[in-house]
Amino acid sequence: METVFPVEIEVFQATGEKDSAHLLQAFTRDVSPGGMCLELKVFRQEIERQFLAPNAQLALTINPSFSKRPIKAIAKIAWMKRQEDPPLLRYLIGVSYTQIDEKKRAQIIRHAKHLLWLPRIISFLGLCLISSLVILFIR
């Protein structure tokens, strides 16, 4: 389900050591119960190597608009795709959760579903209102 949240990423190795001294900023492209697709617009070769290292893990700090507090999760990289669309080099990274609070996961999915259905419901109600007004003015 397409939805956009800012996400901060820290890369860890299987040993628990941080691979990077700084946080990376990404945005979700879409979310699912098992993980999410993240889009990174700034990406250096050094970071790409860290992401491709065997057993690399990501500490995610998800900052959804519906919550005052960020949601913490641990994820592993499922896939990575480099997109060279001028003028920006971007990476799409699919991650699957290895640790996330089940209530928080449900909140993310519920919010994404809400964002998916809300425009459709509003459009339907708008059509009903317009139809009612047309029928009133025809009589």
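Two strands count as paired if DSSP finds at least two bridges between them. The exercises below apply this to a predicted model.

**Exercise 1. Work out how strand 4 is paired with strand 5, and find which residue stands opposite L60.**

Solution. Begin with the two elements themselves: strand 4 covers residues 57–62, and strand 5 covers residues 71–83. Next, take the bridges between them, of which there are six, in the antiparallel sense; because at least two bridges are needed for a pair, strand 4 and strand 5 satisfy the rule. Finally, look across from L60, and the residue that stands opposite in strand 5 is A73.

**Exercise 2. Place strand 1 among its partners, and then find the order of strands in the barrel.**

Solution. On one side, strand 1 (residues 6–12) runs antiparallel to strand 2 (residues 24–32) and is joined to strand 2 by four bridges, with E8 standing opposite Q25. Strand 1 also pairs with strand 4 in the antiparallel sense, here over six bridges, and in strand 4 the bridge partner of E10 is A59. With these pairings in hand, the whole arrangement can be read as a closed barrel of six strands in the order 1-2-3-6-5-4, with antiparallel pairing. From one strand to the next, the twist averages 45°.

**Exercise 3. Trace the salt bridges of E39, and state for each residue involved whether it is buried, partly exposed or exposed.**

Solution. First, the side chain of E39 meets that of R29 in a salt bridge, at 2.9 Å from N to O; R29 belongs to strand 2 and E39 to strand 3 (residues 35–40), and the two are 10 residues apart. Second, E39 forms a salt bridge with R90, where the closest N and O atoms are 3.1 Å apart. Because R90 lies in strand 6 (residues 90–100) and E39 in strand 3, this pair ties together parts that are 51 residues apart in sequence. Third, compare the relative accessible areas with the cut-off of 20% for buried: E39, at 12%, is buried, R90, at 16%, is buried as well, and R29, at 31%, is partly exposed.

**Exercise 4. Find the salt bridge within helix 2, and then identify the residues that shared partners join into one network.**

Solution. In helix 2 (residues 102–138), R105 and E102 lie three residues apart, about one turn of the helix, and they form a salt bridge whose closest N and O atoms are 2.9 Å apart. E102 is exposed, with a relative accessible area of 51%. The network made by shared partners consists of R29, E39 and R90.

Terms used. Residues are numbered from 1 along each chain as its sequence is written. This is a predicted model: local features need pLDDT of at least 70, side-chain atom pairs count only at pLDDT 80 or more; totals for chains, interfaces and linings use all residues. Side-chain values use heavy atoms; hydrogens and water are left out. Axes are lines fitted to C-alpha atoms, for helices over the stretch in contact, and angles run from 0 to 180 degrees between N-to-C directions. A salt bridge is a side-chain nitrogen of Lys or Arg within 4 Å of a carboxyl oxygen of Asp or Glu. Buried means under 20% relative accessible area, exposed over 50%, partly exposed in between (1.4 Å probe, protein chains only).
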